[in-house]
Amino acid sequence: MAENHRAVVKLKEKYASSVLDVREFRGEVTVTVKKEDIVEICRFLKEDAAYNLLTDVTAVDYLGQEPRFMMVYNMYSIPNKDRLRVKAPVAEADACIESVCGVWSTANWLERETYDLFGIRFNNHPDLRRILMTDDWVGHPLRKDYPLQGPDREPYKGRLT
Amino acid sequence: MASIEKMTLNMGPQHPSTHGVLRLVLELDGEIIEKITPHIGYLHRGVEKLSEHRTYHQTIPLTDRLDYLAPMSNNLGYVLAVEKLLGVEVPERAETIRVIMAELTRIKSHLVWLACHALDIGAMTVFLYCFREREEVMDIYEMISGARMTSNYFRVGGLSQDLPEGFEKKVRDFIDAFDANVDTYEGLLTKNTIWLQRTVGNGVISAEDAIDAGITGPALRGSGVDWDLRRDNPYSGYEKYNFQVPVGEKCDTFDRYKVRLVEMRESAKIVRQALDSLKPGPILADLPQVCYPPKEAVYNTIEGLIHHFKIASEGFPVPEGEVYQGIEAPKGELGYYVVSDGGNHPYRMRIRPPSFVNLSAIEKMSKGSMVADLVAVIGTLDIVLGEIDR
């Protein structure tokens with residue numbers, strides 16, 4: 001079914017070399033694309049596939065895997081009432097990706113948060129500052145190698161770990 | 001000739017009209033706002049990070065504390081996301097009770113919004129009336145979960161316990177009297193000259209701009225976008241209920257006010273329908289590896305105790321995968337994006353808070369207006385710093 005998804009068909013036609021993976025899980029379609037084309041693909045999805053609402057931008061840290069980070073864009077189409085998730089791998093050595101602020105202005109704060117908590121830089125972002133942590137904070141708390149109880153403390157040795 | 005100088009004014013973080021610890025740095029030309037720089041994060045508790053180190057059940061109480069004015073909506077979004085990952089079907093009775101509580105929560109959250117919004121603009125009486133009714137919802141909360149705010153009532157697979165005796169009567173009494181109460185609020189505000197002068201034409205944002213800024217929920221409907229997740233992507237059995245989705249026209253604070261008032265009345269209608277359709281039955285899915293055993297079994301049998309201990313201490317494994325579950329929370333779309341690596345705690349849990357995204361549009365909505373109108377815009381956005389900062 002994922003292959004027949006209305007946006008996936010178009011994406012595969014137009015950006016065949018850029019689509020790395022298409023997956024469906026529990027009825028949700030996820031497309032993984034190359035990070036170089038993220039802005040172009042987002043613009044295409046917004047303008048030609050009516051994904052006019054960017055619900056969320058975030059990242060996942062797969063520490064120990066290569067590439068380490070995965071950018072995640074959850075989008076919604078108000079006219080068609082359906083969702084699509086676009087992901088783009090980001091390597092640790094080059095932890096940056098183009099900003100999609102020019103496509104949806106929602107991305108401004110969401111990308112700032114991702115930068116703040118994961119340390120992924122967004123090129124051409126209009127105002128890339130920390131947002132939840134203070135400006136002089138060192139480190140990026142949602143990275144997997146950032147200790148739960150903060151830096152300079154013994155790592156958490158709770159029941160689960 | 002007097003010299004003209006721009007002034008920078010600091011508003012908050014401790015300011016009664018910023019609804020929590022929000023700090024805004026305003027650049028003013030006289031009393032006209034030229035630039036707003038919001039500073040947030042004062043309440044950051046790292047809920048997303050914490051949940052990576054807890055079992056799936058242990059995260060539920062953390063979600064109560066996000067939007068603390070609507071705890072059960074947060075619980076609902078989270079348990080639905082985990083249930084989606086697991087592929088679990090929840091029994092009908094549990095779904096119906098969830099809808100009742102989610103709608104009462106919407107009423108409760110909207111009451112606080114109306115109370116504070118009116119108080120900010122100078123109407124003290126409405127504040128007292130709204131809190132009087134909100135107290136009744138808190139009593140219902142206390143009745144079923146033991147807590148007035150941090151309810152922690154929903155469980156993955158169903159509910160923590162069945163409804164207590166007298167619940168239905170209490171809710172019906174509240175709902176039956178509620179329409180008249182909304183009439184009272186409307187009587188105090190809708191045609192009140194001061195209220196109209198403060199809200200009509202204030203904080204205007206067109207539908208196109210609102211979607212571009214990611215605004216969701218009643219704030220988006222106030223701009224004329226007919227979209228409600230409960231109707232358009234139903235979850236938890238919302239497709240069974242009959243309700244209207246109010247939509248504004250003029251995209252201003254007054255229309256958003258009208259939308260939310262109608263929403264409260266519609267929520268009451270949904271609660272009534274849900275109570276009518278409530279049938280006896282199980283409140284937890286038949287999934288012993290995920291759901292807690294009944295309390296009688298825990299207290300009286302060794303198997304029940306072991307079972308409870310296993311789930312409380314180890315949790316349960318969740319199949320590898322990722323899901324996003326969005327729900328129509330009182331303030332907009334509340335989303336949970338949960339990634340599982342097959343273990344007993346989330347590999348990553350992302351919360352998409354409606355207030356965070358709605359707040360980011362504040363500059364667009366109040367640039368060029370007066371400082372006093374900014375207070376009305378903060379009120380109409382209906383933000384809660386607990387979920388903005390997480």
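This talk goes through a predicted model with chains A and B, taking the interface, then a sheet, then a helix pair.

I'll start with the interface. On chain B, 35 residues are in contact with 31 residues of chain A. Several elements of chain B give two or more residues to that side: α1 (47-51), α8 (207-212), β6 (321-329), β7 (332-340), β8 (348-352) and α14 (354-359). The largest share comes from β6(B), with five residues. Sorted by class, the side of chain B that touches chain A holds 11 nonpolar, 13 polar and 11 charged residues.

Let me stay with β6(B) for a moment. How many of its nine residues are buried? Eight of them are, so β6(B) is largely enclosed by the rest of the structure. Its partner here is β7(B): the two run antiparallel and are joined by nine bridges. The connection from β6(B) to β7(B) is a hairpin through two residues. If you want one pair to look at on screen, take B:E322, which stands opposite B:V339 in β7(B).

Next, chain A. There is an open sheet of five strands, and the order is β1-β2-β5-β4-β3, with mixed pairing. The edges are β1 (19-25) and β3 (53-61) of chain A; each has a single partner strand, so one side of each is left without a neighbour in the sheet. From one strand to the next the twist averages 20°.

For the edge strand β1(A), the pairing with β2(A), residues 28-33, is antiparallel over six bridges. Within that pairing, A:V19 has A:V33 of β2(A) as its bridge partner. A helix also lies across this sheet's strands: α2(A), residues 38-48, crosses β2, β4 (69-77) and β5 (82-90) of chain A, and runs at about 175° to β5(A).

Last, a helix pair in chain B. The helices are α4(B), residues 92-121, and α11(B), residues 253-276; their axes come within 9 Å and cross at roughly 155°. Angles over 145 degrees count as roughly antiparallel, and α4(B) and α11(B) are therefore roughly antiparallel to each other. The crossing of α4(B) past α11(B) is left-handed.

Which residues make the contact? From α4(B) they include B:V99, B:I100, B:L104, B:I107 and B:W113, and from α11(B) they include B:M264, B:A268, B:I270 and B:V271. Also among them are B:E103 and B:R106 of α4(B), and B:R260 and B:E263 of α11(B). By class, the contact of α4(B) with α11(B) has 11 nonpolar, three polar and four charged residues.

Definitions and conventions: Residues are numbered from 1 along each chain as its sequence is written. Chains are lettered from A and ligands numbered from 1 in the order in which they are written. This is a predicted model: local features need pLDDT of at least 70, side-chain atom pairs count only at pLDDT 80 or more; totals for chains, interfaces and linings use all residues. Two residues are in contact if their C-beta atoms, placed from the backbone, lie within 7 Å. Helices (H or I, at least four residues) and strands (E, at least two) are DSSP runs, numbered from the N terminus. Ala, Val, Leu, Ile, Met, Phe, Trp, Tyr, Cys and Pro count as nonpolar, Asp, Glu, Lys and Arg as charged, and the others, Gly among them, as polar. A residue is buried if 20 or more other C-beta atoms lie within 10 Å of its own, exposed if 12 or fewer, and partly exposed in between; C-beta atoms are placed from the backbone. Two strands pair if DSSP finds at least two bridges between them. Axes are lines fitted to C-alpha atoms, for helices over the stretch in contact, and angles run from 0 to 180 degrees between N-to-C directions. Angles under 35 degrees count as roughly parallel, over 145 as roughly antiparallel, 65 to 115 as roughly perpendicular and the rest as oblique. A crossing is left-handed if the near helix is turned anticlockwise from the far one by less than a right angle, and right-handed if clockwise.
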